[in-house]
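Visitor: I would like a quick tour of this chain. Could you take my questions one by one?

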Amino acid sequence: MLIHYLVNFVYVVLVLFFIYNKDLFSQELKLVVTLEPFNSEAYLFFVDEISLLEDTGKTFFLSSSRKKIEFQKGPVILADSKVPPANYKELVIKVWENYKEKTYRFPLEDGKKDSLLWLPLYLRKTKSGELDLLYQRPSSFVKENVLFIPMRDSELVGVYDRVNYRLMDLYYIPSGVDELARSYKFDYLYGVSQKKNTLYIIDLVKYKSFSIELKRGVFPVSVASTLLNSGKELIFIANFRSNTITVVDGESLGEVKTLRTGQGPVKVWVDPPPEWIKVKNQEVYNYLMHYRNLYCLNLYSGSMTVFKLDAQNGEILSQREINLGSKPISLFVDYESGLIYIINQSANYINVGFIISLIESPLSVFRIETGEFGVVDGVYHPRQDQVILLKGAPGELIIGKVPLTSTQYFNQFLFLTKLSLKGEPSFLALDPDLSKLYILDSKNNQLLIYDFYTKKFLTELPLFKNPGKIVIW
């Protein structure tokens, strides 16, 4: 009897121990520490040690060798790593500046969110000229005023202010996302992960993320969404290895349909609802009121599969596969002229077609010679009426016009100017409201920002590892 009571007592003690110390045996934690100056003044100092202190008094060292910190190009990422499960209570940073060592201790209660512990630190100089580090809670943001950037190797999605380029928030996606798409109905971002064959949903209001394992396709690489006239949202996911597109119901988040594509689908895009397009002509508006085009680039078959959808219920009315040439990898759409632009890897031309007649007319896609190999991405600037192409190696911006209208066609790209770029640029995004161009440099993990008004590069913003394509709401 005594043994029975002792066993029950031990059991109760263990249960209580797990309840009140659940963090001690939780999953591993993603720790991110960023440091920004309060102003543009240049700073130079050294970080000697970064560590986490457990409530037991044990120390987990993140860095114990001296690191030089120079504030001349924006914020610095002091730590970006996973740490083993434990009940951490403090972050300890030891710095050395002006022949003095100083230790800073930051409590960790406020920084945890979805297995992510982010401490945004800010640097300032005191009146006596000494260095001082301060912790400030992450700022709230309005989704229409920020850039969303997936950083795949860091398993993070960064939220950056579009005006002052400060890091506003971070979301942790355990396997990382390869591409993001916005929702037109919910305050959601959709992301796909090749590693886990998963669709991630980031709730920007509840500051949470959740995932859905995809059953209908293999190796998802690209995602897009649209809102139908009925108010129903559909999500489209290109599956590279299964040569399919998975269709997901945005309300139930269940897989509802599988579409066959060409070989090696790498990029999917679907026309948004016309009321969300800022610059469009009447003919395009009328078309999108009745139909949506779903576009899929197929790397290995050198083609684009186009599906014409009923804008009311999303049913497929017709489809067509269009030959494009070797390895199409990227596309963008000009809804003012009703043109779609397709970029082929290692080709010296781009394909351009009229979205309204892609399926009905066999002569709706034209080849425009650029003479430039290595173009990897592009955008159309409606206010400037310019096409901007991005070369990866060597890095260049190519700005010009495509001489294609409903009444005339000339097969040569009209060059206006070229701008040299550093590193290995990989993606472009246009902010038409601010007339700025965002260029991702994958080699240096930076965001380059070009201003069309001043015709100058404004800044080089440090990013986390392996940044992916930007989403602007």
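Visitor: Let us start in a loop. Is L253 buried or exposed?
Guide: This is a predicted model, so every value here is computed from it. A residue counts as buried under 20% relative accessible area. L253 has 15% relative accessibility, so L253 is buried.

Visitor: Which strands flank L253?
Guide: L253 is not in a strand itself but in a loop. Its phi is near 60°, a positive value in a residue other than glycine. The strands on either side of the loop are β20 (244–249) and β21 (255–260).

Visitor: N98 also has a positive phi without being a glycine. Is N98 buried or exposed?
Guide: Phi of N98 is about 55°. N98 sits in the loop between β6 (88–97) and β7 (100–107). Exposed means over 50% relative accessible area. N98 has 53%, so N98 is exposed.

Visitor: What is the geometry of the peptide bond from A393 to P394?
Guide: P394 belongs to the loop between β31 (386–392) and β32 (395–401). Omega for the bond from A393 is near -10°. The bond is cis.

Visitor: How many helices and strands does the chain have?
Guide: The loops above join strands, among them β6 and β7, and β31 and β32. The full count for the chain is two helices and 38 strands.

Visitor: Why can the chain be called as compact as a globular protein of its length?
Guide: The globule rule gives 23 Å for 473 residues. The radius of gyration of the chain is close to that, so the chain is as compact as a globular protein of that length. Its C-alpha atoms fill a box of roughly 85 × 70 × 35 Å along the principal axes. The radius of gyration itself is 25 Å.

Visitor: What share of the residues counts as buried?
Guide: The accessible surface of the chain is about 21500 Å². Carbon and sulfur atoms hold 52% of that surface. Of the 473 residues, the buried share is 53%.

Visitor: How far apart do the centres of the positive and negative side chains lie?
Guide: The chain has 54 positive side chains and 52 negative ones. Each set has its own centre, and the distance between the two centres is 2 Å.

Visitor: How many residues are in the largest nonpolar core?
Guide: Residues with the most contacts inside this core are F236, I245, L294, Y295, M304 and I340. M304 touches Y295 and I340, and also L297, I322, L324, I342 and L358, among others. The core has 37 residues.

Visitor: What lies apart from that core?
Guide: Another core does. Among its residues are L52, F71, V76 and L123. Its size is 29 residues.

Visitor: Is L119 buried or exposed?
Guide: L119 is in strand β9 (residues 116–125). Beyond its sequence neighbours within four places, L119 contacts V32, V33, T34, L91, F106, L108 and Y135. The relative accessibility is 2%, so L119 counts as buried.

Visitor: Which residues does W269 touch, beyond those up to four places away in sequence?
Guide: W269 lies in strand β22 (residues 265–270). At 26% relative accessible area, W269 is partly exposed. Two of the residues in contact with W269, L294 and Y295, are in the largest nonpolar core. The full set is Y184, A224, N293, L294, Y295, L331, V333 and Y335.

Visitor: What is the C-alpha separation of K68 and L44?
Guide: K68 is in strand β4 (residues 67–71). K68 is partly exposed, at 49% relative accessible area. Leaving aside neighbours within four places, K68 contacts L44, F45 and F46. K68 and L44 are 24 residues apart along the chain, and their C-alpha atoms are separated by 7.5 Å.

Visitor: And how far apart in space are P432 and T198?
Guide: P432 lies in the loop between β34 (425–431) and β35 (436–441). At 26% relative accessibility, P432 counts as partly exposed. P432 and T198 are 234 residues apart in sequence. From C-alpha to C-alpha, the distance is 32 Å.

Key
Residues numbered from 1 in each chain as written. Predicted model: local features only at pLDDT ≥ 70, side-chain atom pairs only at ≥ 80, totals over all residues. Heavy atoms only, no water. Helix = DSSP H or I, 4+ residues; strand = E, 2+ residues; numbered from the N terminus. Rg over C-alpha atoms; globule rule 2.2 N^0.38 Å. Buried < 20%, exposed > 50% of the residue type's maximum accessible area, 1.4 Å probe, protein only. Areas by Shrake-Rupley, 256 points an atom, 1.4 Å probe, with all protein chains shown as cover. Lys, Arg positive; Asp, Glu negative; His and termini not counted. Charge placed at Lys NZ, Arg CZ, Asp CG, Glu CD. Core = buried A, V, L, I, M, F, W, Y, C linked by side-chain atoms within 4.5 Å. Contact = heavy atoms within 4.5 Å.
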